[in-house]
Amino acid sequence: MSSFRVVPICSEVAEQVRNTGKSPINGFPAHREVAAGRAPCRHCLRLIRKDEEELLLFTYDPFRELGEPPLPGPVYIHAEQCARHEDSDVIPEEYRGRLLTLEGYGDDRALVKEIRVRAGEEQRVAEELFSEVTIRYVHVRSTEAGCFLFRLERR
């Protein structure tokens, strides 16, 4: 068993954005369009199908559930309802082999360690980060776009 679990954005945030058409941060409008490129949904953690499915692009704070100072940035979710990613201790398939940056955070949102991964080393690197007792959680980000994808929490 892994030392961490994968945590997507919560369903309440996804539903709020879908129902209001606004970001949970300051009520900025969410943008709706048909996916035109690689667009990972931060709720179900699957890719939004290019030229087939609509997405909502909005401002999200990945530190929101942690009660710490905000650091907002753009994220996508499916415009239509999708099931939240099930509890898992495995990096989702859609993200394996991608250029990812794993950021290990300690108390007070202090960045303890950052590792860029490629070639399918995501799981090993996540385990390595959680072997450090000062790391409370890990943000997984796209190295290419810099955007927040999902969080890993210690089990």
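The exercises below, each with a worked solution, concern a predicted model.

Local features need pLDDT of at least 70 and side-chain atom pairs count only at pLDDT 80 or more, whereas totals for chains, interfaces and linings use all residues. Residues are numbered from 1 along each chain as its sequence is written, and side-chain values use heavy atoms, with hydrogens and water left out.

**Exercise 1. Determine how many disulfides the structure holds, and explain the status of Cys41 and Cys44.**

Solution. Begin with the criterion, by which a disulfide is a pair of cysteine sulfur atoms within 2.5 Å. A search of the whole structure on that basis finds zero disulfides. For Cys41, the nearest cysteine sulfur belongs to Cys44 and is 3.7 Å away. For Cys44, the closest cysteine sulfur is in turn that of Cys41, and because the separation is 3.7 Å, it is too far for a bond. Then consider accessibility, where buried means under 20% relative accessible area, exposed over 50%, and partly exposed in between, with a 1.4 Å probe and protein chains only. Cys41 is buried at 0%, and Cys44 is buried at 4%.

**Exercise 2. Work out the strand order of the open sheet, and identify the strands at its edges.**

Solution. Strands (E, at least two residues) and helices (H or I, at least four) are DSSP runs numbered from the N terminus, and two strands pair if DSSP finds at least two bridges between them. The five strands of the open sheet follow the order S1-S8-S7-S5-S6, with antiparallel pairing. S1 and S6 each have a single partner strand, so one side of each lacks a neighbour in the sheet. From one strand to the next, the twist averages 25 degrees, with axes fitted as lines to C-alpha atoms (for helices over the stretch in contact) and angles running from 0 to 180 degrees between N-to-C directions. Within this sheet, S5 and S6 are joined by six bridges in the antiparallel sense.

**Exercise 3. Explain how the buried residues of helix H2 are arranged, and find which strands they pack against.**

Solution. In H2, which spans residues 122-130, the buried residues are Glu122, Val125, Ala126, Leu129 and Phe130. Viewed down the helix axis they fall within an arc of 135 degrees, taken from the directions from the axis to the C-beta atoms, so they line one face of the helix. Contact (heavy atoms within 4.5 Å) then shows these residues packing against S1 (4-7), S5 (100-105), S6 (111-117), S7 (137-142) and S8 (148-154).

**Exercise 4. Locate the salt bridges of Glu15, Glu103 and Glu128, and compare their settings.**

Solution. Side chains of opposite charge can pair when their charged atoms come close. The criterion is a side-chain nitrogen of Lys or Arg within 4 Å of a carboxyl oxygen of Asp or Glu, and the structure holds 17 salt bridges. Glu15 pairs with Arg18 at 2.8 Å between the closest N and O atoms; both lie in H1 (residues 11-20), three residues apart, about one turn of the helix. Glu128 pairs with Arg124 at 3.0 Å, and these two lie in H2, four residues apart, again about one turn. Glu128 is partly exposed at 31%, as is Arg124 at 47%. Finally, Glu103 meets Arg141 at 3.1 Å, N to O. Glu103 is in S5 and Arg141 in S7, so this pair ties together parts 38 residues apart in sequence; both residues are buried.
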